[in-house]
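Student: Could we go through this fold together, one question at a time?
Tutor: Gladly, let's look at it side by side.

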Amino acid sequence: MSQYTPMIQQYLSVKANHQDAFLFFRLGDFYEMFFDDALNASRILEITLTSRDGGSSDRIPMCGVPYHSAPGYIKRLVADGYKVAICEQVEDPRQAKGVVRREVVQIITPGTVMDDQLLSDRDNNYIGSLALGEKGEYALVIADLSTGEAKGYLRKAEKSGILADFSRHRVKEAVLDSSTYSEWKDSIHNSQEFTASSEDRDEIPDGFSGHVSHLNHHLLHKAAGRLFQYLKHTQKRSLGHMRPVIVQSDDVLMKLDAFSKRNLELVETNRTKGKKGSLLWLLDKTMTSMGARKLKQWLEEPLFIRSLVKQRLDTVEALYSKFFEREEIRQQLKNVYDMERLAAKVAFGNASPRDLLQLKLSLQNVPAIKAQLSQLDCAGSEELLMKMDEHTELADYLERAVHENAPLLLKEGNIIKEGFSAELDEYRDASVNGKAWIASLEQKEREATGIRSLKIGYNKIFGYFIEVTRSNLGGVPSERYERKQTLSNAERFVTPELKEKERLILEAEEKMAGLEHALFLEIRSHVKNYVPGLQQLAGSLAELDVLQSFASVSEERRFVKPVISESGQVRIQGGRHPVVEKVMDAQEYVANDITLDNNHSMLLITGPNMAGKSTYMRQLALTAIMMQVGCFVPADSAELPLFDQIFTRIGAADDLVGGQSTFMVEMLETNYAIRNATADSLILLDEIGRGTSTYDGMALAHSIIEHIHDHIGAKTLFSTHYHELTILSETLPSLKNVHVSAVEEDGRLVFLHKIVDGHADQSFGIQVAELADLPAPLIKRAKHILGDLEKNGKEPVQVIKETAAALEQPESQLSLFESPVQPAGKTAKKSDSIIAMITSLNLLEMTPLDAMNKLYELQKKAR
Ligand code: ADP
């Protein structure tokens with residue numbers, strides 16, 4: 001250390017406490033970075049790397065950014081998952097003895113950003129903290145600093161389950177104790193899903209005891225303590241907007257595991273990971289970002305309490321039937337800004353004049369919203385009304401205080417409205433009058449001197465001056481005019497009078513700026529008293545926004561209000577898959593009924609691939625979830641019970657990256673369902689056993705059905721291509737066979753997408769392969785083999801042996817790579833196959849790139 005200059009020594013001692021962050025070290029008008037930080041930052045931010053003498057024999061790598069453009073660079077680093085520690089000069093350099101004192105004033109991290117440009121309006125920005133228990137149990141506290149929300153969870157899992165829990169909650173940053181941090185940081189870093197941070201302090205910091213006093217488990221206290229400590233030590237400022245940690249008891253919510261959320265594409269699709277095509281995309285007609293975030297939260301946590309579901313459904317019904325009131329509410333909500341984040345910014349101390357203006361404008365819409373809401377006349381609307389305080393007093397205060405054109409930045413001035421402060425108005429008058437006086441001086445002096453071209457001007461260095469061109473200098477009254485500056489063709493003068501006025505103006509303006517600043521801080525701290533009330537209001541407006549969104553989408557897509565079944569029966573008529581229906585022409589979607597009751601709680605669904613089995617299964621799960629979040633459902637009529645959990649094993653959600661084979665994933669998901677389901681659950685199992693050999697698969701499918709039937713009794717939809725299993729309905733009384741109908745027309749397979757009782761006669765596998773355009777000789781061959789197996793009743797092994805022998809004959813050899821040149825008579829066949837290819841495309845599952853490739857292929861074929 002001693003080899004370095006005192007300033008570099010200071011840098012190194014600060015850096016020692018902030019190893020995992022880029023240290024932005026303030027030197028005059030720049031933030032400088034040194035050593036490795038400089039090497040890395042210059043590469044990431046593409047800024048010039050220089051070096052400086054720091055007292056050692058080698059020069060020290062250095063790079064820097066001007067302080068006024070630092071926010072842009074900080075944003076880039078944080079968006080890339082890095083942390084930035086801001087180290088400021090905390091004493092006046094003129095007063096400093098030796099090196100100016102410097103301190104880290106804030107650490108900006110991916111989970112603690114408050115900057116609008118780094119936050120997405122419609123998504124929460126979560127940070128999570130962990131407390132590990134002795135026997136695999138752990139507590140997770142998830143918070144959003146930008147809104148003040150905090151939630152707690154108590155669970156049990158292995159390391160991989162805990163990491164999955166963090167990513168399921170979409171946290172940007174996980175705060176761990178230092179030993180867990182060291183152990184896990186590499187795998188977290190490699191997964192690139194979120195940033196890891198360490199914090200060992202886990203006692204509840206001062207001022208936060210009220211946030212946790214209701215929590216009944218020491219691990220929740222520890223996780224909350226860790227989180228609040230981390231926020232306190234990184235942000236180093238008021239966290240007055242953070243709300244108590246909410247812990248939902250397990251029986252309030254429908255449980256939805258990570259597999260099912262993904263399989264059902266609730267908030268994003270599996271393929272693109274985008275919102276488009278998800279249930280969230282379909283249901284989102286919210287008008288505010290608060291509402292959009294709330295809708296996403298609701299979809300991730302459907303309710304399991306009858307009274308709560310009923311109350312939401314009733315409110316949606318009221319909004320649905322009162323079109324004009326709903327439209328009015330929608331229009332008013334459009335003018336409501338993100339009050340949740342505005343309130344947080346006020347508490348945090350970074351609300352701008354524009355933010356206060358937006359808060360005022362939002363508040364001014366509340367009375368009109370409440371007036372419409374009071375027309376709805378239902379328990380839900382009454383409750384919302386009670387929670388919506390207009391804060392008239394605050395709105396009036398802001399109306400008086402903040403200027404209509406308040407700027408984005410504090411330093412731009414013109415923040416405070418006239419009439420709010422007599423002192424400020426006085427300075428303003430002085431400045432305005434002084435300027436008017438100066439403006440009239442030009443005319444006065446022209447008359448007094450007779451110089452018509454005399455001008456009054458202003459510049460930053462000399463202030464106000466009187467300018468006279470060289471040719472008129474003779475007319476200058478030298479006893480009054482004092483020479484200030486000589487230009488090539490003119491002279492500039494001041495008079496004692498002008499100087500005095502200028503002094504008054506400048507003094508007034510300086511005082512005005514200082515006073516405006518002080519008043520603004522005063523206003524902001526006054527608004528701070530309202531933060532909890534504003535958060536409650538924001539929460540209620542967000543709720544109303546989601547409910548109106550449900551009503552609007554229900555009307556647009558012809559959804560109906562479901563009946564919550566008391567007896568556990570499912571009776572849906574004309575049910576549809578809401579997303580598939582939306583993306584395809586509504587006329588084409590084939591609606592289907594579904595009935596399940598305690599006598600027939602399981603359906604075994606057979607039918608060819610592509611017939612619509614998994615769509616039918618998802619349809620039920622989505623209908624249940626829609627009801628349990630409080631939305632109407634896609635059907636002509638629907639009655640269904642509240643499900644405590646939904647388990648799904650559908651489609652290709654293979655965790656190939658995680659190293660799990662398709663079959664293993666299938667078994668893991670099935671295991672999870674079987675171990676956790678109850679008689680109140682819904683289980684959807686799609687083609688279980690397909691990932692292994694026929695006999696294995698069939699045997700497993702058989703025993704899984706029996707197990708659910710005999711030991712769980714959950715409502716279950718089980719699709720299979722093992723037609724042999726349909727015989728189980730003879731021995732398992734609760735199991736019923738249904739199938740998706742398909743017919744062969746003119747030798748071609750036509751899917752009817754209609755679910756009918758009984759089992760399918762045929763699997764049509766070869767016809768589907770034909771639609772997928774496998775080579776014609778191969779299809780012919782498959783049909784031949786099938787004929788042998790079916791008609792002649794031969795064993796598969798025998799058929800394989802016989803056909804293998806036949807293949808030895810050269811004339812019956814078939815090639816997958818037959819010449820593409822077709823005899824003339826086959827042209828029609830080719831266009832058929834192109835049509836078949838087009839109709840078999842699963843547009844929902846395709847990315848634009850897939851579509852391009854397919855189109856290319858089709859064109860090639862057509863040519
Ligand atoms: P399966 O699970 O039987 O292989 P899917 O459920 O994946 O079949 O359905 C295949 C395609 O058929 C879907 O992508 C959809 O385009 C279409 N489809 C499914 N059900 C219907 C329906 N009820 N009405 C119209 N089209 C449907």
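Tutor: Two strands pair if DSSP finds at least two bridges between them, and strands (E, at least two residues) and helices (H or I, at least four) are DSSP runs numbered from the N terminus. The model is predicted, so local features need pLDDT of at least 70 and side-chain atom pairs 80 or more, while totals for chains, interfaces and linings use all residues. Residues count from 1 along each chain as its sequence is written, and side-chain values use heavy atoms, without hydrogens and water.

Student: Which residue is the bridge partner of His739 in strand 27?
Tutor: Strand 26 (residues 735-745) pairs with strand 27 in the antiparallel sense, over 7 bridges. In strand 27, His739 finds its bridge partner in Val756.

Student: Which strands stand at the edges of the sheet?
Tutor: This open sheet has 7 strands with mixed pairing, in the order 13-23-24-25-21-26-27. Each edge strand has a single partner strand, so one side is left without a neighbour in the sheet; the two are strand 13 (255-256) and strand 27 (748-757).

Student: Which helix gives the most to the largest nonpolar core?
Tutor: Such a core joins buried (under 20% relative accessible area, 1.4 Å probe, protein chains only) Ala, Val, Leu, Ile, Met, Phe, Trp, Tyr and Cys residues through side-chain atoms within 4.5 Å. The largest has 109 residues, and Leu541 is among those with the most contacts inside it. With 12 residues, the top contributor is helix 19 (residues 531-556).

Student: How many residues has the second, separate core?
Tutor: Its members include Ala131, Phe228, Val245 and Phe348. The count is 25 residues.

Note on methods: Buried < 20%, exposed > 50% of the residue type's maximum accessible area, 1.4 Å probe, protein only.
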